[in-house]
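Here are some short exercises to work through with the model open in your viewer. Try each one yourself before reading the solution.

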Amino acid sequence: MDRDPDSALAEVPDGISASAARAARDLRVVFSRLRRRIREVARDEDLTPSQVSALTLVGKHGAATASALASAEGVRPQSMATILAALEQHGLIRRSPDPADGRRQLVALTESGRERIEDDRQVREEWLARALADRYTEDERQTLLEAFALLERLTRQ
């Protein structure tokens, strides 16, 4: 059953203005759509979303154990083992003994893995820059930059 978007505003908790509630809802919806669209732009045909996510995680945080990656991704270790096996077959990761505990292995990016992540990032960023250039005026882009500065406060603790 579809709800009227404005009906959600009637359910605003005490102490929160209707404009704050609407801004929160709209921001969440727009960011979700934008994130989904950005993912589509650089969609890897030969990798699953889980594989792309694991590859990106290794790229961001460096070498890690399979169990640490499974925990970070919220998947079972067996699922992560399958994901890592596929990434290894693609030549995007390599495993090596953990110097701190020889029974464990560390997963790290190969040069191909690093290039893949960087190429993907560049494609997404270029698409977004081009979309902003094509769809917005200079004044509108300046307004967006001002809004981003305000939104940055949400990320501070």
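**Exercise 1.** Which residues are linked with Asp98 in a network of salt bridges?

*Solution.* Keep in mind that this is a predicted model. Start at Asp98 and pick up its partners: the network links Asp98, Asp101, Arg103 and Arg104. Next, zoom in on one pair. The side chains of Asp101 and Arg104 meet in a salt bridge, at 3.9 Å from N to O. That falls inside the cut-off, which is 4 Å for a salt bridge. Now check the surroundings of the two partners. Asp101 has a relative accessibility of 17% and counts as buried, since buried means under 20%. Arg104, with 39%, is partly exposed.

**Exercise 2.** Find the salt-bridge partner of Arg95, then decide how each of the two side chains sits: buried, partly exposed or exposed.

*Solution.* First the partner: Arg95 pairs with Glu88, and their closest N and O atoms are 3.0 Å apart. Then the accessibility. Arg95 comes out at 29% relative accessible area, so it is partly exposed. Glu88 has 36% and is partly exposed too. To put the pair in context, the structure holds 13 salt bridges.

**Exercise 3.** Where do Glu111 and Arg114 lie, and how far apart are they along the chain?

*Solution.* Both belong to helix α5, residues 111–135. They are three residues apart, or about one turn of the helix. The two form a salt bridge, with 3.5 Å between the closest N and O atoms. As for accessibility, Glu111 is partly exposed at 47%, and Arg114 is partly exposed at 42%.

**Exercise 4.** Which members of the largest nonpolar core touch the most other members?

*Solution.* The core has 17 residues, and the ones to look for are Leu55, Leu69, Met80, Leu84, Leu87 and Ile93. Now ask which elements contribute: α2 (49–61), α3 (66–73), α4 and β3 each supply at least two residues of this core. Finally, take Leu55 and list its contacts, skipping residues up to four places away in sequence. You should get Leu47, Leu87, Leu92, Ile93, Leu109, Arg116 and Ile117.

**Exercise 5.** Which element of the protein has the lowest mean pLDDT, and which the highest?

*Solution.* Begin with the whole protein: pLDDT averages 90, and 92% of the residues score at least 70. Then go element by element. Strand β3 (residues 101–109) has the lowest mean, 91, while helix α4 (residues 77–89) has the highest, 96. As a reading rule, coordinates should not be read in detail where pLDDT is low.

Key
Residues are numbered from 1 along each chain as its sequence is written. This is a predicted model: local features need pLDDT of at least 70, side-chain atom pairs count only at pLDDT 80 or more; totals for chains, interfaces and linings use all residues. Side-chain values use heavy atoms; hydrogens and water are left out. pLDDT is the predictor's confidence in each residue, from 0 to 100. Helices (H or I, at least four residues) and strands (E, at least two) are DSSP runs, numbered from the N terminus. A nonpolar core is a set of buried Ala, Val, Leu, Ile, Met, Phe, Trp, Tyr and Cys residues joined through side-chain atoms within 4.5 Å. Buried means under 20% relative accessible area, exposed over 50%, partly exposed in between (1.4 Å probe, protein chains only). Contact means heavy atoms within 4.5 Å.
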